[in-house]
Amino acid sequence: MNKQDNFYKYTSFRNKYKFFSYEKYSYYISDSCFHIKYEFNLNDTFYFKPTINIPQKEIFNLQSVTENVSANFLNNIIFNIGMVELLSYWKTTCSPKIIIKPHFLTPEQISFWKKLYYNGLGEFLYLNSIQTDEDRFCEIYANSGSKLFPKSINTIADTLVPIGGGKDSVVTLELLSSLKANNVPLILNPRGATLSTISSAGYSINNIFEIQRTIHPQLLKLNEEGFLNGHTPFSALLAFISILAAVISGKKNIALSNESSANESTIINTNINHQYSKTYEFERDFRVYVKNYISDSLNYFSFLRPLNELQIAKLFSGFPKYFPVFKSCNAGSKTDIWCGVCSKCLFTYIILSPFITSKLLMEIFGKNLLDDINLRFYFDQLIGIEDTKPFDCIGTPDEINTALVMTIRKTENHLPRLLEYYKTLLIYKKFENTDDKILLHNYNKNHFLTEPFENILIQRINA
């Protein structure tokens, strides 16, 4: 199916499936689990009922949640999680009308959601060749349900740390280790790399915050039948879920691991960014939304926002106990491997190569990815000589080119084939004499770190 066909499907689906409705949500607490269910209706034709479950752990008491947290406040958080969850199902037809039945939304709230939907689905729109804008993308109707109000709550100054299994969350977890007694790793749908990461950090399965999210089978069936499909802003869903986790566990702080590199667009001279919900812009908007419409008692921020990918790679290289367990390859996530043939594997190999020996990197990835000439197209994308960057969570071309030059400088023996190829390019001449200290000592001031967290970060990068 080519892009033109997908745009035809987009227009025909919008004509056929006029509305998508967020019908309701429900939840209950059993002895061992917090159960949440959503119900979505696609034009009275398809129905979706995804779930979220939070199992009981030693570090919090689910039975006390309803005693300490009002029903209206829980409703507010759970409802807002559903506002992100619906995107996975709505995108199958991109129905022009989204009807929100459970609760009333102000015009300002609707503007927040329209912006998130449009920008969070930027990659989806681009790859399906869908021509639209934020105004025409969809209309959100939310004027019939009850109104929800923000609430201040009592929290303790402890920190939830979402763990994805890659190098970034490892760095956050380790740099905040001085607060370890009060830190709680948060894992959405645990897998090998995330569980191995928290185990290597000294946590047990019983002292983490675990969330189990399920996709309704009807969505998978529609995907198989050729309905529209593509990337959704998963980090935005995690953001809202982390608010619920903070309330249940009584924690004030939620420390993400998104870096300044995530702010760069995937498509040059556009706002299309695979990592939109990891950007400073989304973080800023989300913090304002939470403060105004949910609670002013919570502190969601990215601990690594002042840093770039090169700096994070250098910090990660100082934690060798994680080398055998960390994984951030999307293609290999189900089997907990580095696939060795995707852009994310190649990027990770490159960004670590100045700081970890070739021998160790080959042990981690199973081969020398810089010697695999079949990865040349991804290589060209990563260094910035193709029109687009890979649609993945990667660093900027400046960071990647600097890492390659640093690796060439330290390589004493024969260069692997992709580095030999790289030295023939004009872009190598541009970066050949780059002072790597410029990036390694960079500090982005657009962040939301409070002084205690910023002091920890500054002390470590200046060490």
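Which residue forms a salt bridge with Glu264, and how far apart are the closest N and O atoms? I take that up in point 2, after a word on the model itself.

1. A friendly reminder before we start: this is a predicted model. The distances and burial values below are computed from that model. Across the structure there are 20 salt bridges, and a few of them make a good way in.

2. The partner of Glu264 is Lys389, and the closest N and O atoms of this salt bridge are 3.0 Å apart. Lys389 sits in the loop between α16 (376-383) and α17 (397-410), while Glu264 sits in the loop between β10 and α12 (280-293), so this pair ties together parts that are 125 residues apart in sequence. The two ends have separate surroundings to look at. Lys389 is buried, at a relative accessible area of 7%. Glu264, at 32% relative accessibility, counts as partly exposed.

3. Next, have a look at Lys251 and Asp158, whose side chains meet in a salt bridge of 3.2 Å, N to O. Lys251 belongs to strand β10 (residues 251-256) and Asp158 to strand β7 (residues 156-162), so the contact ties together parts 93 residues apart in sequence. Both Lys251 and Asp158 are buried.

4. Helix α12 brings us to Arg305 and Glu283, which form a salt bridge through their side chains at 2.7 Å, N to O. Here the link runs between distant parts of the chain: Arg305 is in the loop between β11 (299-302) and α13 (309-316), and Glu283 is in helix α12, 22 residues apart. Arg305 has 1% relative accessibility and Glu283 has a relative accessible area of 2%; buried means under 20%, so both residues count as buried. There is also a network here: Lys115, Glu281, Arg284 and Asp285 are joined by salt bridges that share partners.

5. Staying with β10 and β11, these strands pair in the parallel sense over 4 bridges. Ile254 stands opposite Tyr300 in β11. The chain gets from β10 to β11 through α12, and this β-α-β crossover is right-handed. In a regular strand the side chains alternate between the two faces of the sheet. In β11, Asn299 and Phe301 point one way and Tyr300 and Ser302 the other way, and all of them are buried.

6. Two helices deserve a comment on burial. How many residues of helix α8 are buried? The count is 9 of the 9 residues in α8 (residues 167-175), so this helix is largely enclosed by the rest of the structure. The buried residues of α8 include Lys167, Asp168 and Glu174 alongside Val170, Val171, Leu173 and Leu175.

7. Helix α17 is mostly covered, with 11 of its 14 residues buried. Among the buried ones are Pro397, Glu399, Asn401, Leu404, Met406 and Ile408. Which elements cover them? The cover includes α13, α14 (343-352), α16, α18 (417-422), α19 (426-431) and α20 (437-440). The length of α17 also checks out: at 1.5 Å a residue its 14 residues should span 20 Å, and its end C-alpha atoms are 20 Å apart, which agrees.

8. Glu210 is worth a click as well. Glu210 lies in strand β9 (residues 209-214) and, at 10% relative accessibility, counts as buried. Its side chain makes a polar contact with the side chain of Lys57 (2.9 Å), and another with the side chain of Gln212 (2.9 Å). Leaving aside residues up to four places away in sequence, Glu210 touches Asn53, Ile54, Pro55, Lys57, Ile187, Pro190 and Ile205.

9. Finally, is Asp31 buried or exposed? At 70% relative accessibility, Asp31 counts as exposed. You will find Asp31 in the loop between β1 (19-29) and β2 (33-42). Not counting residues up to four places away in sequence, Asp31 touches Gln56 and Gln63. To get a sense of scale, compare its position with that of Phe431: the two residues are 400 residues apart along the chain, and their C-alpha atoms are separated by 59 Å.

Notes:
Residues are numbered from 1 along each chain as its sequence is written. This is a predicted model: local features need pLDDT of at least 70, side-chain atom pairs count only at pLDDT 80 or more; totals for chains, interfaces and linings use all residues. Side-chain values use heavy atoms; hydrogens and water are left out. Helices (H or I, at least four residues) and strands (E, at least two) are DSSP runs, numbered from the N terminus. Buried means under 20% relative accessible area, exposed over 50%, partly exposed in between (1.4 Å probe, protein chains only). A polar contact is a pair of N or O atoms within 3.5 Å; within protein, one must be able to donate a hydrogen and the other to accept it, and residues adjacent in sequence count only if both atoms are side-chain atoms. Contact means heavy atoms within 4.5 Å. A salt bridge is a side-chain nitrogen of Lys or Arg within 4 Å of a carboxyl oxygen of Asp or Glu. Two strands pair if DSSP finds at least two bridges between them. A crossover is right-handed if, with the strands pointing away from the viewer, the path from the first strand over the helix to the second runs clockwise. The expected span of a helix is 1.5 Å times one less than its number of residues.
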